[in-house]
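Thanks for coming, everyone. I have one structure to show today. Let me put it on the screen.

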Amino acid sequence: MKKLKDILYKVSIDAVRGSTSVEVSDIVFDSRKVSQNCVFIAQKGTLSNGHDYIEKAIENGAVAIIYEDTPATFLDTVTYVQVNDANDALAHIASNFYNNPSEKLALVGITGTNGKTTIATLLHQLFTKAGYKVGLLSTVKILVGEEEYPATHTTPDSITINHYLNQMVQAGYSYCFMEVSSHGIAQKRAAALAFKGGIFTNLSHDHLDYHKTFAEYRNVKKSFFDSLAKTSFAISNADDKNGAYMLQNCSAKKIMYSIQNVADVHGKIIESQFNGMLLNINNQEVWVQLIGKFNASNLLAIYTAATELGLSKEEVLLHLSTLKSVSGRFQFIVSKTKITAIVDYAHTPDALENVLKTISEIRTFNEQLFTVVGCGGNRDKEKRPVMGRIATEMSDTVIFTSDNPRNEDPFEILKEIESGVEAQNTNRYITIEDRHQAIKTACKMAKEGDIILIAGKGHEDYQEIKGVKHHFNDMEEVSKFLNEFNK
């Protein structure tokens, strides 16, 4: 139990009605999870408004209510605290409730359009190999030691973040690597966390269904770096046109990395194959088990962060050479008849182009490249025709198919993708709405030595249709069909 006044530390309060000395047992923002002696934070969400559930929360045992809009009635038995921003209040309350765990380990946040999961996961791998106790908060999973928990959002809510950070602190962890999404920043989920460092990967067309304009999307990302303390470090990608912008007015120590430009940490790809590449990082060579310019860039960010966190350059290079690719990120298999199938999470135009460029840099062009790709429903529509144009420009044959249609008509999504195909490439694609059949068709069409790219879903093990998630895994599907057709 904690006193309410103790967990309100640093919360911007407009008014208080009742006693802040009341003892509270838990904090929740979902009225269905309220139990005796809880604090209920009424947030305004995109789909529902927590203020509508204040009475229900009190019925379920809440002893304190944090709110923005004045309730219709007040009860003498309940403490009411009015705030200007419930999201920001929740971030501070959650941090205080769990004894500010982010201050007790080195927390590094990774933000950008692409590469967040790869960098966070590989940093977790590297520091684990170096002998440290390390936590991970990623799109794919949450790791606290040997315990693995499912991830429902790229950046979890403030309560979940602090709950797991507290577990890490209690278990004696030294580091945690965390993806920080634009949604998470905008909704203040990470507002009260003490970051040891931040990493910017890149910025491209994504989430404009939520942020409305690219400038808003960019500035939300920038606000993460603006909030870093002087004692932190800020690592940014000099090859992205927004890389320098991210660090403007940033108080933290600034470090830039680059494949193409002059930077503090510079890298160059010397040799590239499907099973890895030879990199030169600041005049030292290392063979790594990942491929592509985008992964070379990711590895530079990892190298920079690891050395800033105190590891020696030699130790970092040693561990870089052992890192394995992340599930659903350029994950590939080769069939008995030498057909290479690649599964990648590329669900933005920039990511798709990067993956296709990487394949082009390695392939001989004596083989055929088949690309299976779609776009998610209820998400940024503007990227759909761009994805269609890129796929047909850079592949021999494209099969447009469903991704996660969610609550949209999948055929309408496919029409929007097709609208981006330029006239000279219309003979390069077919459309098969059923993703199962689309992957099966690509495997049937492929011959010895050909390459199949299945893009968009990566690590996901479901397909969401009309609000229902059905089991579906791209790697499982392509493995099954290649074994069936290419014995």
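I will go through the sheet, one of its strands, a helix, a buried residue and a pocket.

A word of caution: this is a predicted model.

Start with the sheet. It is open and has 11 strands. Read the order with me: 11-10-9-12-8-13-14-15-16-17-18. The pairing is mixed. In general, strands of a sheet pair through backbone hydrogen bonds, either parallel or antiparallel. At the edges sit strand 11, residues 147-150, and strand 18, residues 284-288. Each of these two pairs on one side only. From one strand to the next, the twist averages 20°.

Now look at strand 12, residues 175-179. How many of its five residues are buried? Five of the five, so strand 12 is largely enclosed by the rest of the structure. Both faces are covered. Tyr175, Phe177 and Glu179 are on one side, and Cys176 and Met178 are on the other.

What does strand 12 pair with? Take strand 8, residues 106-111. Five bridges join it to strand 12, and the two run parallel. Gly109 has Met178 as its bridge partner in strand 12. Next, strand 9, residues 134-137. Here four bridges make the link to strand 12, again with the strands running parallel. Leu136 is the residue whose bridge partner in strand 12 is Phe177.

Move along the sheet to strand 14, residues 233-237, and strand 15, residues 253-258. These run parallel and are joined by five bridges. In strand 15, Met256 is the bridge partner of Ser236.

Which helix lies across these strands? Helix 10, residues 293-308. It crosses strands 13, 14, 15, 16, 17 and 18. Against strand 15, helix 10 runs at about 150°.

Next, a single residue: Leu122, in helix 4, residues 116-129. Is Leu122 buried or exposed? Its relative accessible area is 0%, so Leu122 is buried. Leaving aside residues up to four places away in sequence, Leu122 touches Leu290, Leu299, Ile302, Leu323, Lys324 and Val326.

From Leu122, step to Ala190. The two are 68 residues apart along the chain, and their C-alpha atoms are separated by 21 Å. Ala190 takes us to the second largest pocket. That pocket has 17 lining residues. Closest to its centre are Ala190, Ala191, Leu193, Phe195 and Ser227. The space inside is about 280 Å³. As for the lining, 10 residues are nonpolar, four are polar and three are charged.

That is my tour. Questions, please.

How values were computed. Residues numbered from 1 in each chain as written. Predicted model: local features only at pLDDT ≥ 70, side-chain atom pairs only at ≥ 80, totals over all residues. Heavy atoms only, no water. Pairing = 2+ DSSP bridges. Axes fitted to C-alpha atoms, helices over the stretch in contact; angles between N-to-C directions. Contact = heavy atoms within 4.5 Å. 1 Å grid on protein atoms, 1.4 Å probe; cavity = no way out; pocket = protein on both sides within 12 Å on 5 of 7 lines; lining within 4 Å. Points joined across faces, edges and corners; volume = space filled by probe spheres on them. Nonpolar A, V, L, I, M, F, W, Y, C, P; charged D, E, K, R; others polar. Buried < 20%, exposed > 50% of the residue type's maximum accessible area, 1.4 Å probe, protein only.
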